[in-house]
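Subject: Structure for your attention

Dear colleague,

Please find the structure below, together with its sequence. An account of what was found in it follows, and I should be grateful if you would read the two side by side.

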Amino acid sequence: MLEALAEARRAGELGEVPVGAVVVREGEVLGRGHNRRELDGDPLAHAEMLAIRDAARRMGGWRLSGCTLYASLEPCPMCAGALVNSRVERLVYAAADPKAGYCGTLGNLVQDPRLNHRLEVTSGVLENLSAELLRDFFAALRRKP
């Protein structure tokens with residue numbers, strides 16, 4: 001989770017909402033990502049999507065079996081769908097997202113029994129650190145003239 005939070009800090013330094021993610025398998029980081037929607041002008045450039053894409057490229061295929069994705073914020077429906085479709089085994093996230101979180105808060109796509117794949121989910125890991133990054137980022141935006 002510390003690696004995902006480091007990615008979130010990178011996003012914040014770039015003026016992006018500070019969300020970061022890493023994909024790990026057997027203790028090795030295979031993929032990294034931080035929000036880049038504004039920089040890339042890409043609505044799909046969420047931290048989780050970029051980390052999944054990076055890990056798939058590194059593994060040489062789309063199935064991320066045996067992998068865990070660590071995210072600093074609960075994934076949205078798009079990212080939750082990508083986790084299911086890429087067959088990530090486990091999701092660990094820091095802060096819940098009451099406005100867009102779809103891994104337990106607004107819904108739970110990653111554990112929907114109607115789908116062909118479900119993930120193990122752990123939430124609240126280093127939640128305070130992630131929440132602080134987000135609070136500080138949005139407070140700074142409100143202070144800008």
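Two strands are said to pair if DSSP finds at least two bridges between them. Please bear in mind throughout that this is a predicted model.

By that criterion, strand 3 (residues 68–73) and strand 4 run parallel and are joined by 5 bridges. Within this pair, Leu 69 is found opposite Leu 91 of strand 4. The connection between the two strands passes through helix 4 (residues 77–85), and the resulting β-α-β crossover is right-handed.

Strand 4 also pairs with strand 5 (residues 120–123), again in the parallel sense, over 4 bridges. Here Tyr 93 stands opposite Ser 123 in strand 5. Is strand 4 (residues 90–95) largely enclosed or not? Of its 6 residues, 5 are buried, so the rest of the structure largely encloses this strand. Buried here means a relative accessible area under 20%.

On another side of the arrangement, strand 1 (residues 20–25) pairs with strand 3 in the antiparallel sense, with 4 bridges between them. One such contact has Val 24 with Thr 68 in strand 3 as its bridge partner.

Taken together, the strands form an open sheet of 5 strands in the order 2-1-3-4-5, with mixed pairing. Its edges are strand 2 (28–34) and strand 5, each of which pairs on one side only. On average, neighbouring strands of this sheet are turned by 15° against each other, direction ignored.

Edge strand 5 contains Val 121. This residue has a relative accessible area of 24% and is therefore partly exposed, since the buried class ends under 20%. The C-alpha atoms of Val 121 and Gly 31 are separated by 19 Å, and the two residues are 90 apart along the chain.

I turn now to the largest pocket. The space in it comes to about 510 Å³. Its lining is made up of 20 residues, and those nearest its centre are Val 17, Leu 73, Asp 97, Leu 134 and Phe 138. Which element gives the most to this lining? That element is helix 5 (residues 127–143), with 4 residues. By character, the lining residues divide into 12 nonpolar, 6 charged and 2 polar.

With kind regards,

A colleague

Technical notes
Residues are numbered from 1 along each chain as its sequence is written. This is a predicted model: local features need pLDDT of at least 70, side-chain atom pairs count only at pLDDT 80 or more; totals for chains, interfaces and linings use all residues. Side-chain values use heavy atoms; hydrogens and water are left out. On a 1 Å grid over the protein atoms alone, a cavity is a set of points where a 1.4 Å probe fits but cannot get out, and a pocket is an open set with protein on both sides within 12 Å along at least five of seven lines; lining residues have an atom within 4 Å of a point. Grid points are joined across faces, edges and corners, and a volume is the space filled by probe spheres set on the points. Ala, Val, Leu, Ile, Met, Phe, Trp, Tyr, Cys and Pro count as nonpolar, Asp, Glu, Lys and Arg as charged, and the others, Gly among them, as polar. Buried means under 20% relative accessible area, exposed over 50%, partly exposed in between (1.4 Å probe, protein chains only). A crossover is right-handed if, with the strands pointing away from the viewer, the path from the first strand over the helix to the second runs clockwise. Axes are lines fitted to C-alpha atoms, for helices over the stretch in contact, and angles run from 0 to 180 degrees between N-to-C directions.
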